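This report looks at how the interior of one protein chain is arranged, from its nonpolar cores to its barrel and its aromatic rings. The sequence and the structure come first.

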Amino acid sequence: MRNTLIDAETIDLASYIDHALLLPTTTAEQVAHGCGEADRYNFAAVCVYPVHVRQAAELLRNRPVKVCSVIGFPTGATTSATKLYEAQEAVENGASELDVVINLGWLKAGQTDAVHQELAIICEETNLPVKAILETALLTPPELELACEICMDAGVTFLKTSTGWQGGATIEVVQQMRELTKGRVGIKASGGIQTVDQAVSLIQAGATRLGTSRGPNLIHQQQAKA
């Protein structure tokens, strides 16, 4: 059942937002600007490529905004050793959360132990909250259920719908993920979130974080509604 008590005008929308700075062309200047926005609006986190983690961590030092790094992004098809190194380096550079793309080829081929082991090692070795990116637009309902089970068993803190490169979050998928997870982990809806109403609907469906590059625009929309 969706939580219909959430009010689009009064919800603390900023506290849900992971401010995505993930265009392939993102510059250091744009990272600085995005970190400033995240601090100004009190977003939950900024989400950056590994190359920008150190800069973001320095800019947000002693600020409540978390620094999230993507790992194996956007395909998830790098080797497990590469993902682990990338994750460990992100930790050394100041990341406080990791968004890790699962190996979809392994999942679809039934190599579930490999998917589990890769995530479990990253969770154990980094000791940071890990959000497993499932790329739900590419999964069948049974594959989504299997992916959720594997990732939760591996120790992730969140399940994330999408990279945004292969389709975005839908209310139906978030509802399905909430039913499958039963509150054991957070759910990050990501990709294609453009309006306040859409964002609130995803939260009502069960999302506990929202990944979007449009965070400031969403806050402005909400303020205009008030």
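## Nonpolar cores

In this predicted model, the largest nonpolar core has 65 residues, and those that touch the most other members are Leu13, Val46, Leu98, Ile102, Leu134, Leu159 and Leu210. Helix H6, which spans residues 141-154, gives the most to this core, with 7 residues.

For Val46, leaving aside residues up to four places away in sequence, the contacts include His19, Leu21, Gly34, Cys35 and Ala38, and among them are also Ala56, Leu60, Val65, Lys66, Val67 and Cys68. Cys68 itself belongs to a second, separate core of 8 residues, which also includes Phe73, Val101 and Ile133.

## Barrel and packing helix

A barrel is closed by 8 strands, which follow one another in the order S1-S2-S3-S4-S5-S6-S7-S8 with parallel pairing. From one strand to the next, the twist averages 25 degrees.

Within this barrel, S3 and strand S4 (residues 97-101) are paired in the parallel sense over 4 bridges, and Cys68 has Glu97 as its bridge partner in S4. Helix H3 packs on the sheet, where it touches S3 and S4, and the direction of H3 makes about 165 degrees with that of S3.

## Aromatic pairs

The structure holds 3 aromatic pairs. In one of them, Tyr41 and Phe43 have ring centres 5.6 Å apart and planes at 25 degrees, and the pair is therefore stacked, since planes under 30 degrees apart count as such. Tyr41 has a relative accessibility of 17% and so counts as buried, and Phe43, at 2%, counts as buried too.

Tyr49 and Phe73 form an edge-to-face pair, with 5.9 Å from centre to centre and 75 degrees between the planes. This pair links distant parts of the chain, 24 residues apart: Tyr49 lies in the loop between strand S2 (45-48) and helix H2 (53-59), whereas Phe73 lies in the loop between strand S3 (66-71) and helix H3 (80-92). Both Tyr49 and Phe73 are buried, and together with Trp165 they form one aromatic cluster. Phe73 thus appears in this cluster and also in the second core.

## A lysine over a ring

One further ring has a charged neighbour: Lys131 lies over the face of Phe158, at 5.8 Å from the ring centre.

How values were computed. Residues numbered from 1 in each chain as written. Predicted model: local features only at pLDDT ≥ 70, side-chain atom pairs only at ≥ 80, totals over all residues. Heavy atoms only, no water. Phe/Tyr/Trp six-rings, centres within 6.5 Å; stacked < 30°, edge-to-face > 60°. Buried < 20%, exposed > 50% of the residue type's maximum accessible area, 1.4 Å probe, protein only. Helix = DSSP H or I, 4+ residues; strand = E, 2+ residues; numbered from the N terminus. Lys NZ or Arg CZ within 6 Å of the ring centre and 35° of its normal. Pairing = 2+ DSSP bridges. Axes fitted to C-alpha atoms, helices over the stretch in contact; angles between N-to-C directions. Contact = heavy atoms within 4.5 Å. Core = buried A, V, L, I, M, F, W, Y, C linked by side-chain atoms within 4.5 Å.
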